[in-house]
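Fancy working through a few contacts by hand? Grab your viewer, and try each exercise before you peek at the solution.

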Amino acid sequence: MDKLRVSVLLCFALVFLGSCIGFAEAGRRGLLVPHKPDHEDAVATARWLISQNNWGVLSTISIDLGGAPFGKVVLFSDGLLDKGHGIPYFYKSSLDPTPRNAMKDARSSFAVSEFPIGTCGKKDPENPTCAKLTLTGKLKLVDINSKEASVAKEVLFATHPEMKYWPKDHNFQIFKLEIEDIFLVNWFGGAKPITVAQYLRPRISQLASVM
């Protein structure tokens with residue numbers, strides 16, 4: 001009986017230890033599910049979606065397909081987790097059609113969803129209460145010698161550690177989306193109106209709800 005009790009206690013201890021290690025690793029990688037802002041706070045929701053995601057779909061106007069839209073899954077960062085500024089930065093190779101398209105016609109859009117964050121539960125990703133955001137604007141090359149490029153590269157590598165090992169001969173460069181329009185759906189009733197100024201300079205209370 002004592003051996004059985006010891007075995008049971010040992011199993012519980014191992015499960016607990018495994019859980020602790022799992023949560024620690026999730027926290028290190030920024031995977032712990034964050035607090036979702038109230039759906040009535042559109043600005044906080046938009047900034048939260050960009051802050052908590054690390055990939056999305058970037059669409060450009062294809063020079064190879066006669067001006068057809070070309071969407072591609074890409075990695076991005078708007079800053080360190082919970083400390084972003086809302087502007088998505090990308091690390092793109094000249095071998096990729098996306099930056100080549102942008103150099104010809106900078107008009108672009110970038111879409112992210114709440115679904116990968118893990119807060120939609122069993123809802124379908126297109127359910128209006130499972131938030132989704134599309135930022136539209138110009139995809140611009142960041143001057144490699146600027147402080148902005150240095151900071152962007154640092155946060156991109158912190159968010160996506162594999163990036164630092166990508167081939168040096170692929171001519172990777174820093175791009176950013178200069179936002180001109182914001183389209184957010186996070187509840188029933190259509191898109192929520194958000195100006196670029198509101199998105200880029202949210203109130204302190206709105207930023208707190210993102211943290």
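A salt bridge here is a side-chain nitrogen of Lys or Arg within 4 Å of a carboxyl oxygen of Asp or Glu. Keep in mind that this is a predicted model.

**Exercise 1. Salt bridges**

Find how many salt bridges the whole structure holds, then work out which parts of the chain Glu 180 and Lys 138 tie together.

Solution, step by step:

1. Start with the total: searching the whole structure turns up seven salt bridges.
2. Now take the Glu 180 and Lys 138 pair, where the closest N and O atoms are 2.9 Å apart. Glu 180 sits in strand 6 and Lys 138 in strand 5, so this contact ties together parts 42 residues apart in sequence.
3. Check the accessibility of both ends. Glu 180 comes out at 48% and counts as partly exposed, and Lys 138, at 25%, counts as partly exposed as well.
4. Next, look at Lys 176 and Glu 148, whose side chains meet in a salt bridge at 2.8 Å, N to O. This pair links distant parts of the chain, with Lys 176 in strand 6 and Glu 148 in helix 4, 28 residues apart.
5. Sort these two ends by burial, using the cut-off that buried means under 20% relative accessible area. Lys 176 has 18%, so Lys 176 counts as buried. Glu 148 has 30% and is partly exposed.
6. Some salt bridges share partners: Lys 72, Lys 92 and Asp 96 are joined that way into one network.
7. One more pair to tick off is Asp 105 with Arg 107, meeting at 2.8 Å, N to O. Asp 105 is partly exposed at 21%, and Arg 107 is partly exposed at 48%.

**Exercise 2. The disulfide**

Which cysteines form the disulfide, and why is it called right-handed?

Solution, step by step:

1. Count: the whole structure has one disulfide.
2. Identify the partners: they're Cys 120 and Cys 130, with sulfur atoms 1.9 Å apart.
3. Get the handedness from the torsion about the S-S bond, which is about 85°, so the disulfide is right-handed.
4. Place the ends. Both Cys 120 and Cys 130 lie in the loop between strand 4 (107-113) and strand 5 (132-141), so the pair ties together parts 10 residues apart in sequence.
5. Finish with burial: Cys 120 is buried, and Cys 130 is too.

**Exercise 3. Strand 3 and its partner**

Are the faces of strand 3 covered or open, and which residue in strand 6 stands opposite Tyr 91?

Solution, step by step:

1. Go through strand 3, residues 89-93: five of its five residues are buried.
2. Split them by side. Tyr 89, Tyr 91 and Ser 93 are on one face, Phe 90 and Lys 92 are on the other, and both faces are covered.
3. Follow the pairing: strand 3 and strand 6 run antiparallel to each other over five bridges.
4. Pick out the residue opposite Tyr 91, and you land on Ile 174 in strand 6.

**Exercise 4. Rings around Tyr 91**

Work out which rings Tyr 91 stacks with, and which residues make up the aromatic cluster.

Solution, step by step:

1. The structure has seven aromatic pairs.
2. One of them is Tyr 91 with Trp 166, stacked at 6.0 Å centre to centre with 20° between the planes. Tyr 91 is in strand 3, while Trp 166 is in the loop between helix 4 and strand 6, 75 residues away.
3. Compare accessibility across that pair: Tyr 91 is buried at 10%, whereas Trp 166 is partly exposed at 26%.
4. Tyr 91 also stacks with Phe 172, at 5.0 Å centre to centre and 20° between the planes. Tyr 91 lies in strand 3 and Phe 172 in strand 6, so this pair ties together parts 81 residues apart in sequence. Phe 172 is buried, like Tyr 91.
5. Put the cluster together: Tyr 91, Phe 157, Trp 166 and Phe 172 form a single aromatic cluster.

**Exercise 5. Two quick ones**

Find what lies over the face of Tyr 199, and say where Asn 171 is placed.

Solution, step by step:

1. Over the face of Tyr 199 you'll find Arg 47, at 5.6 Å from the ring centre.
2. Asn 171 is in the loop between helix 4 (147-159) and strand 6 (172-185).
3. Check its backbone: phi of Asn 171 is near 55°, a positive value in a residue other than glycine.
4. Last step, accessibility: Asn 171 is partly exposed, at 39%.

Notes. Residues are numbered from 1 along each chain as its sequence is written. This is a predicted model: local features need pLDDT of at least 70, side-chain atom pairs count only at pLDDT 80 or more; totals for chains, interfaces and linings use all residues. Side-chain values use heavy atoms; hydrogens and water are left out. Helices (H or I, at least four residues) and strands (E, at least two) are DSSP runs, numbered from the N terminus. Buried means under 20% relative accessible area, exposed over 50%, partly exposed in between (1.4 Å probe, protein chains only). A disulfide is a pair of cysteine sulfur atoms within 2.5 Å. Two strands pair if DSSP finds at least two bridges between them. Rings of Phe, Tyr and Trp (its six-membered ring) pair if their centres lie within 6.5 Å; planes under 30 degrees apart count as stacked, over 60 as edge-to-face and the rest as tilted. A charge sits over a ring if NZ of Lys or CZ of Arg is within 6 Å of the ring centre and within 35 degrees of the ring normal.
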